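User: I am new to this protein and would like a guided reading of its interior, its pockets and some of its individual residues. Please proceed by question and answer.

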Amino acid sequence: MAVLYGSSRGRAPELGFADVLLTGLAPDGGLFLPTDWPTLPAHTVSASSSYVDLAAEVIQPFVGGALGREDLQSILEDAYATFDHPDVCPLVQLDDGHHLMELFHGPTLAFKDIALQVVGRLFDHELKRRRQRVMIVGATSGDTGSAAMEAVRGSEHVDIVVLFPHGRTTEVQRRQMTTLKDANVHAVAVQGTFDDCQDLVKAMFGDEPFRERHGLAAVNSINWARVMVQIVYYVWAVQQLGRGAATDPAQATTFCVPTGNFGNVFSGHVAARMGLNVDRFLIASNRNDILSRLIETGEMRAEEVVPTLSPSMDIQISSNLERLLYELLDGNGAATAELIAGFRDHGRAALTPAQHQRLTDEFSGDRIDDSETLAIINEIYQSHGMLVDPHTAVGIGVAQRHRRAGEHVVSLATAHPAKFPDAVEQATGVRPELPPHLADIFDRREDYAVLPNDLATVEDFVDGLRVDGLS
Ligand SMILES: *Cc1c(COP(=O)(O)O)cnc(C)c1O
């Protein structure tokens, strides 16, 4: 039986996986969720397997008829052949009862690769079947853009245009986008901020003739397929640590997740819904701490975003949180829509005491500021000789502060230290080295357009690409 997907706002028709993949956002503005949760087969956690075999097993029920098992398996094999570690997501021990799971072994050195390498290939497969071509447009503050470009480079069915704020990414981040040679990937530096880039993307989607002409598509963090692919490594951790055999609470695992848009930790929640033996989730934030305040008080309150050393978590409104709210509201789409609308209008929204209780039964959270982040990076270097990036350090700090006696915690390492070399060097005096496949990135030729923050100019640029592409 194929899983069907409905909207978190309850007013969109149910769709199958392939449509959900290509659509992204539901037509009522909500986020897609499966109408039933598949159960994890017991052997996926009790017996050992390769990462790819496990991924095929966990993902298959969600894709249903859209993809046969052999196609899925070969997409997964291709996707994870781009990773530089045979385990894909290796675990290393930090302390007794505290492991780090490294999610940064993909081509762009951040955990986004784990999902996007698969999602890019799923797009390609489905578009080929439909004999369609799409143009993915997106805005990035750094990590997502390069991961999406890497994921679709060379595709015959997808073009991608990524807007980034000129002069506001790190040099490594920019070069990861501007040194790709494939004809279907295009980096555009916009003379403006990340918010300006996002507004331009929204405006392009809102321009219906333009959207139709190019078959615009998105792969942002609300795409269900990204959440789905991330479920796998939660199961993997439990399997690798040999903690999966029992549903015994003493054997349960806690995950600590550096969180921004709530996509990563929501995937963990899905794994738990599917039967994985999880104790709780620790949500780690930097100074942009709306989530830890929600957990403390039961109320969401928007505040200004402040820049930090962990920029991929500099977010106030976590887009994937809507999926969890829908669950806390017992799958009531109308109530979810009302809560979200209230929050958009007034910058605040409150859970009932019962909903708040359910949230805190599963999630705890805390914040770590920049000076604490630097101290943690240094402490891990001194005690373990290991360099960790600022996002990972925020997670480790929260895990150390909140771990109870006997609790087994897996902290997620979401970026490679060499992606944020300045912070790591500031904390330790050591500049982390890029892995071999990126070692020459500073010598590669860059190719990108610099455009003003102006919709007509950006649309003209995209129109020009399409003409070239067809000739
Ligand atoms: C995207 C990102 C995060 C935040 O993940 P969410 O799924 O948005 O919560 C954390 N760390 C790094 C390095 C990232 O790139």
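Analyst: The turns below treat this predicted model, beginning with its nonpolar cores.

User: Which helix gives the most to the largest nonpolar core?

Analyst: The largest nonpolar core has 105 residues. Those that touch the most other members are Tyr-80, Phe-123, Trp-224, Met-228, Tyr-233, Phe-255 and Leu-276. With 13 residues, the helix that gives the most to this core is α10, residues 224-240.

User: How many residues does the second, separate core have?

Analyst: Apart from the core just described, the model has a second, separate one. Its members include Ile-368, Met-386, Val-388 and Ala-393. The number of residues in this second core is 22.

User: Which residues does Phe-255 touch, not counting residues up to four places away in sequence?

Analyst: Phe-255 is among the residues that touch the most other members of the largest core. Leaving out residues up to four places away in sequence, its contacts include Arg-280. The full list is Tyr-234, Ala-237, Val-238, Leu-276, Val-278, Arg-280, Phe-281, Leu-282, Val-410 and Leu-412.

User: What elements give two or more residues to the lining of the largest cavity?

Analyst: The count comes to 2 cavities of 30 Å³ or more, and about 50 Å³ of space lies in the largest. Its lining consists of Phe-17, Ala-18, Leu-21, Ala-66, Leu-67, Leu-122, His-125 and Glu-126. By class, these residues are 6 nonpolar, 1 polar and 1 charged. The elements that give two or more of them are α1 (17-23) and α5 (112-130).

User: How many charged residues are in the lining of the second largest cavity?

Analyst: The second largest cavity holds about 30 Å³ of space. Around it lie Thr-259, Gly-260, Ser-285, Asn-288, Ile-290, Leu-291, Met-313, Ile-315 and Ser-318. This lining divides into 4 nonpolar and 5 polar residues, and the number of charged residues is none.

User: Which residues are the closest to the centre of the second largest pocket?

Analyst: The volume of the second largest pocket is about 320 Å³. At least two lining residues come from each of β1 (5-7), β2 (32-34), α11 (263-273), α13 (321-328) and α15 (353-362). The lining comprises 8 nonpolar, 6 polar and 7 charged residues. Of the 21 residues that line this pocket, the closest to its centre are Leu-33, Trp-37, Tyr-326, Glu-327 and Gly-331.

User: Is His-269 buried or exposed?

Analyst: His-269 is found in helix α11. Not counting residues up to four places away in sequence, His-269 touches Phe-281, Leu-324, Glu-327, Glu-362 and Phe-363. Because its relative accessible area is 4%, and the limit for this class is under 20%, His-269 is buried.

User: Why does Cys-256 form no disulfide?

Analyst: A disulfide is a covalent bond between the sulfur atoms of two cysteines. The count for this model comes to 0 disulfides. Cys-256 is buried, with a relative accessible area of 0%. Its sulfur is too far for a bond, because the closest cysteine sulfur, in Cys-89, is at 17 Å.

User: Is Leu-109 buried or exposed?

Analyst: Most residues other than glycine have a negative phi. Leu-109, although not a glycine, has a positive phi of about 70°, and it lies in the loop between β4 (98-102) and α5. With a relative accessible area of 1%, Leu-109 is buried.

User: Is Arg-131 buried or exposed?

Analyst: Arg-131 also has a positive phi, near 50°. It is found in the loop between α5 and β5 (134-139). Its relative accessible area is 77%, and the class in question begins over 50%, so Arg-131 is exposed.

User: What separates the C-alpha atoms of His-43 and Gly-244 in space?

Analyst: His-43 lies in helix α2, residues 43-46, and is partly exposed at 41% relative accessibility. Along the sequence, His-43 and Gly-244 are 201 residues apart. In space, C-alpha to C-alpha, they are separated by 9.0 Å.

User: What is the separation of the C-alpha atoms of Ala-375 and Ala-393?

Analyst: Ala-375 is found in helix α16, residues 370-384, and counts as partly exposed at 47% relative accessibility. Ala-393 is one of the members of the second core. The two residues are 18 residues apart along the chain, and the separation of their C-alpha atoms is 9.0 Å.

Methods
Residues are numbered from 1 along each chain as its sequence is written. This is a predicted model: local features need pLDDT of at least 70, side-chain atom pairs count only at pLDDT 80 or more; totals for chains, interfaces and linings use all residues. Side-chain values use heavy atoms; hydrogens and water are left out. On a 1 Å grid over the protein atoms alone, a cavity is a set of points where a 1.4 Å probe fits but cannot get out, and a pocket is an open set with protein on both sides within 12 Å along at least five of seven lines; lining residues have an atom within 4 Å of a point. Grid points are joined across faces, edges and corners, and a volume is the space filled by probe spheres set on the points. Helices (H or I, at least four residues) and strands (E, at least two) are DSSP runs, numbered from the N terminus. Ala, Val, Leu, Ile, Met, Phe, Trp, Tyr, Cys and Pro count as nonpolar, Asp, Glu, Lys and Arg as charged, and the others, Gly among them, as polar. A disulfide is a pair of cysteine sulfur atoms within 2.5 Å. Buried means under 20% relative accessible area, exposed over 50%, partly exposed in between (1.4 Å probe, protein chains only). A nonpolar core is a set of buried Ala, Val, Leu, Ile, Met, Phe, Trp, Tyr and Cys residues joined through side-chain atoms within 4.5 Å. Contact means heavy atoms within 4.5 Å.
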